[in-house]
Amino acid sequence: MGFPNNINGILVIVVLSTLVALSQGQGTRIGFYATTCPRAESIVQTTVRSHFRTNPTIAAGLLRMHFHDCFVEGCDGSILIDGPNTEKTAGPNRLLRGYEVIDDAKQQIERVCPGVVSCADILALAARDSVVVSGGGSWAVPTGRRDGRVSQASATANLPGFRDSVDVQKQKFLDKNLNTQDLVALVGGHTIGTSACQFFSYRLYNFTNGGPDPTIDPAFLATLRGLCPNGGDGTRRVGLDNGSETRFDAGYFAKLRDGRGVLESDQRLWGDASTRSVVQRFIGVRGVAGLTFGIEFGRSMVKMSNVEVKTGTNGEIRTVCSAVN
């Protein structure tokens, strides 16, 4: 269900024209580096493509890294900072991947535009480019973020969790000025994601009264148990959109309808009326006004990427993304 090339072109045009308004008034803007570092976006794009050719799973890692960055201290690249008790040492972030892609792009940009482009912007651009190389549509990324100087593992408590109820998920998104449709759209990014067995195996063996989660399709339950045997390797990774985890499309929503969501928090989106209605619109259920996932995902990404950004004289432009200046 990936987007054909002609559809990608249409999505680029539509998203470019409809997202400009969303990026205004946030302290960021489209084309922020047009004169100060005109090659910045193309360098990030070619870097993501290069790493993707070697390891297609890197796309999901970069997308999730941007998500985790924005939900903690805003989209300021604080997830990239090394050190004891920094964000990347927190439980939800320990299995994040793709740091080397950001470092690679930053090093190349520093050679042509030293001290100009923030790590936070590089990460936002890389997240967009990860979707594109995975077959999804593009969107214009507003830039102009500055890098944060603070990174604390304790601040990650507000990250959406894999056991969260829909009400808890909705509140965490609302706290970032993101609505229910944004929540469902951004979860759709799991179409190119993976998860370690340790984050969902409890659903397979000991969910209620020693049995499995009853919302899991029986045939899918057998598949997951084969991939994650009881007492097996908890770090083994499983595709969240099992079978097409390197292709960005709307197919993941149909899997939620069919009881094939891997994470409990994702599957709950089908069980709650307020989120199920949005899932149905992305699937294209007859009698329900449809939504084009690629376009709505881009809109929600722009909104999320403007969460609590640091601009102007706030923050800094790091020379090395893993260390404050």
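Start your tour at helix H11, residues 264–271, and color its buried residues: Glu 264, Ser 265, Asp 266, Gln 267 and Leu 269. Keep in mind as you go that this is a predicted model.

With those residues still selected, bring up the helices around them. The buried residues of H11 pack against helix H6 (166–174), helix H7 (180–187) and helix H8 (202–205). Helix H10 (251–257) and helix H12 (273–283) are also packing partners of these buried H11 residues.

Next, select Asp 69, Val 72, Gly 74, Asp 76, Ser 78 and Glu 87, which an unreviewed UniProt entry lists under "binding site". These residues are spread over 19 residues of sequence, yet they cluster in space, with a largest C-alpha distance of 12.4 Å.

Now zoom in on one of them, Gly 74. You will find Gly 74 in the loop that runs between helix H3 (58–70) and helix H4 (99–112). Is Gly 74 buried or exposed? Its relative accessibility is 0%, so Gly 74 counts as buried. Show its contacts, skipping neighbours within four places in sequence, and you should see Asp 69, Val 307 and Glu 308.

Your last stop is Glu 87, found in the loop between H3 and H4. Glu 87 has a relative accessible area of 0% and is therefore buried. Which residues does Glu 87 touch, not counting those up to four places away in sequence? Display Val 72, Glu 73, Ser 78, Ile 79 and Asn 93, then add Val 150, Ser 151, Gln 152, Ala 153 and Thr 156. Among these contacts, Val 72 and Ser 78 also appear in the UniProt "binding site" list.

Conventions. Residues are numbered from 1 along each chain as its sequence is written. This is a predicted model: local features need pLDDT of at least 70, side-chain atom pairs count only at pLDDT 80 or more; totals for chains, interfaces and linings use all residues. Side-chain values use heavy atoms; hydrogens and water are left out. UniProt positions are given in the numbering used here, feature names are shortened, and annotations may be inferred rather than shown by experiment. Helices (H or I, at least four residues) and strands (E, at least two) are DSSP runs, numbered from the N terminus. Buried means under 20% relative accessible area, exposed over 50%, partly exposed in between (1.4 Å probe, protein chains only). Contact means heavy atoms within 4.5 Å.
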